[in-house]
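Biologist: I am new to this structure and should like to go through it with you. May I put some questions to you in turn?

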Amino acid sequence: MNVHTYEKLWLIAAMVLIVGFIATITYGSVGLGIAMVGDQQETVEPTELADDERFGEPRVEQIGDDEYEVYVVAQTFSFQPDPIEVPENSQVTFHVTARDVIHSFSLAGTNVNTMVIPGEVAEMTVEFDDPEVYGVVCNEYCGPDHHNMEGQVHVVPEDEFDLTEVSVDAPDEVDAGESATVDVTVENRMLDGLETTAELEIGGETSVEEVALEGGEATEVTFTVDPETLEADDSDVEWAVTVDDHEERGTVTVIDAGDEDGGDDGGETDE
Amino acid sequence: MSNTYLDQFPAEAKVVRAAFYSSFFALAIGGLFGIVQTLHRTDVYRFMDSADYYTVLTAHGVLLAITFTIFFLVGVFTWAVTTSLDRGVENLRFTWAWYGLMVIGTAMAAIPIFAGFTDSIDMSASVLFTFYAPLQGHPLFYLGLVLFVVGTWLAGVDWFRSWRAWKAEHPDERIPLPTFMVLTTTIMWYIATLGVAAAILLFLLPWSLGLIESVNPLLTRTLFWFFGHPVVYFWLMPTYMMWYVMLPKFSGGKLFSDPLARVVFVLFLILSVPTGIHHQYLDPGIAEGFKFIAMTNTMFLLLPSLLTAFTVVASMEHGARQRGGTGYFGWLKALPWRDPVFTGMALAGLMFAAAGFSGMVNAGMNINYLVHNTFWVVGHFHLTVGTAVALTFMAVTYWFLPQITGKALWSRPVALVQVVLWFVGMTFMSNAMHRAGLLGVPRRTAEPQYEGVTFEAAVGSVGELNAQIALGGVILTISLVLFFANVIATGFNGRSDELPSNGYADALSGPEDAPLVLDNLKLWTAIAIVLVIFAYTFPLLSIVQRGGLFGPEVITFPVSLESLAPIAAALEYGGLATVDGVASAVTGALEPGRIAIAEVVR
């Protein structure tokens, strides 16, 4: 075959270019450690996500000092949890699956981007340095409201980050003249211990209890509210429970003897 | 007296004409939807509900990426085979039959897509060009696609029949270059379409009919991309053919090298298919190693394109020097820049170089994280299929129209303005799309304006990008209008006797310089199949092993609510009898279809 000299040179240059490209990508994989979304994760049953160990409760989980795992469910047309909150200077592994059709989980303006396919679990480990709010979009068409499918990842300063869960068990109504009991459950889902306070504000009075928890522990704090505190102008008495920046609110209805109306505001809440 | 294609092959010219006009019809509607989308997305002008945007997008994608391109290329291929073998088709009825099948398939797929605009018809297929399950379109949509593809298969049979008949009479001759290009492309297409045929016939169609409960979304998606990447070469190969066999002629010279053109087409035949997984770099459930293999194959696919760049430029230079051009770059001035056919094709080639660079970014496995499914990708393929292919097709139409109608082109100046406008419009639109993609603006979105997501531009702003996209879209639309004005006005011209003769460029280094092995189609086919087996067996097995052949139980998400219960029942119980019935109904329908079409094009 008769190949012109210039064409031979061009051919060699083209091969060098191609091999160069492959080398840069290989360097990205091996040298910089940019791993591809792969098949590391077990498959999942999309119709049984509610009972799934990993995705039953979409959440942020701490697994090491600065290491977190996030379990995300994408569905028409939202992400759970939303927003996702993680601390600065952390290494976060996202596990994302879909409840219905194919979606994506993509942090706009970054290279955090993966397809989300029902039955499969996308795993991606990301390093977050500074506090920032990232917008999350679904960039694969998923139905008529696709353009409204969005979420956020909040990377917050370390001192503002916790994985504390607070739930309050308070009565809806008490009889006039009787005391009320408010149970506050505080769960520390971080690995480190937590020292804080639980504060109950009711009828203009505030009581504070110390809370000290090891990592992964939960405790219950009980406040007993005197009948005098519940004597207000109104029969509905508002209360607020505060643990760090978590707040739960509700009302207790004080029922006078002979007054059978009862209150209708609930008191049991969950965060 | 002229010696046009119409004079040489009057019957075949009618088929080519019908194919071209079908292609232009799709281009007109698809182009109209293009500007509707551009203005909607950029929030310049919105008159429809955003949910309908996806119906418009489906029609835009299917009509332009499939219908416009493929109807045009079957016309070009039929011209190429008949001209270069210097013999008519073996059986004209067969030729019309595959054309008719393609028309019927298009119509069947279009009905549910367009029904998506109205609630009064309970039918829809707003599943986009990629129809990823568990999004489910109406069965008619899948069935239409199948018939269309079968039509192209039969077209391939037609071209192979011509070649075999010619070979029997010319046993010792080399395959003429245009026919060689058609045959290699057709083999590639046969291999590639196996993927989409399997996806539709084994899974999506039975599922849409309710015969199977569920599908494996990753499996059907992988089978789609088995076809979805090589399909771009199905559009690109006729474009390359035009650059190889026509552009040198329009430049006033000869093709630089026939043997290297053959090498290029052989490389495309063997490397086009085992690359599809590069569309799935970010798919969970496919191991990184498989993605790496697809990436390597993809990068080597740059080789034939880089060789083409050399040959095309060298051929143009040769032409320019024949025309008296001199100097290192001075020869560029000697090229026929006032000829819309030449200028359109040259600008298309220039854009394809830019497309190659954005394509290298897409192909870079781990770089792909940044651009996957962003507007960048849309910018990329508006340079490839939207310019390299579409602009070449439009430009070469100005040469083909006189050949197939026997009429002189209505206006060469208008044609020149048209191809330049396309280039300018696409420069604005595509460049802005690429930049928007880098900010993370997603593709396939009716309203890329979010409450909690902002796209931050280091240079310029999202508003500025949108303005450029809208401006580009408007220029492109004006260009399209000029194109159709020229095609239609040419149709009203009278017959001319002073048209250029049919033909294509000679080569400086002819087929006698090409090793015989290049014409061994069986060998290349075997290598292509082996490479496909290497690239796909393990990923497919792994996907089936992980998620099951029919998948985990997925929640079907019909964009069409009505399943065709009667058809389902008929297929289930009628079995082969029904299939036969359909086949004879189709052949029956072809006859009147052919006559009607012949009337229209006359």
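Biologist: At the start of α4(B), which residue's side-chain oxygen reaches to within 2.9 Å of the backbone nitrogen of Arg93(B)?

Modeller: The model is a predicted one. In it, the backbone nitrogen of Arg93(B) lies at the start of α4(B), and a side-chain oxygen comes to within 2.9 Å of this nitrogen. The residue that supplies the oxygen is Asn91(B).

Biologist: How far apart are the end C-alpha atoms of helix α4 of chain B, which should span 34 Å?

Modeller: Helix α4 of chain B covers residues 92–115, which makes 24 residues. At 1.5 Å a residue the expected span is 34 Å, and the model agrees with this. The end C-alpha atoms are apart by 35 Å.

Biologist: Which residue meets Arg87(B) in a salt bridge, and where does that residue lie?

Modeller: The two side chains meet at 3.2 Å, N to O, and the partner of Arg87(B) is Glu169(B). Arg87(B) lies in the loop between α3 (50–85) and α4 of chain B, so the pair ties together parts that are 82 residues apart in sequence. Arg87(B) is buried at 17% relative accessible area, whereas Glu169(B) is exposed at 53%. The place of Glu169(B) is helix α5 (residues 139–169) of chain B.

Biologist: Is Arg262(B), which forms a salt bridge with Asp519(B), buried or exposed?

Modeller: The side chains of Arg262(B) and Asp519(B) meet at 3.1 Å, N to O. This pair links distant parts of the chain, 257 residues apart: Arg262(B) is in helix α9 (residues 258–271) of chain B, and Asp519(B) is in the loop between β3 (507–509) and α17 (521–547) of chain B. Asp519(B) has a relative accessible area of 14% and is buried. With a relative accessible area of 0%, Arg262(B) is buried.

Biologist: Which residues are joined with Arg262(B) and Asp519(B) into one network?

Modeller: The network arises from salt bridges that share partners. Besides Arg262(B) and Asp519(B), its members are Arg174(B) and Asp258(B).

Biologist: Which residue of chain A meets Glu247(A) in a salt bridge?

Modeller: Glu247(A) is partly exposed, at 43% relative accessibility. Its partner is exposed, with a relative accessible area of 51%, and the side chains meet at 3.2 Å, N to O. The partner is Arg249(A).

Biologist: What percentage of residues 65–167 of chain A is strand?

Modeller: An unreviewed UniProt entry lists these residues as "domain: Cytochrome oxidase subunit II copper A binding". The end C-alpha atoms of the stretch are 26 Å apart, and its helix content is 0%. The strand content is 56%.

Methods
Residues numbered from 1 in each chain as written. Chains lettered and ligands numbered in written order. Predicted model: local features only at pLDDT ≥ 70, side-chain atom pairs only at ≥ 80, totals over all residues. Heavy atoms only, no water. Helix = DSSP H or I, 4+ residues; strand = E, 2+ residues; numbered from the N terminus. Expected span 1.5 Å × (residues − 1). Polar contact = N/O pair within 3.5 Å; in protein donor to acceptor, adjacent residues only side chain to side chain. UniProt positions renumbered as here; feature names shortened; annotations may be inferred. Salt bridge = Lys/Arg side-chain N within 4 Å of Asp/Glu carboxyl O. Buried < 20%, exposed > 50% of the residue type's maximum accessible area, 1.4 Å probe, protein only.
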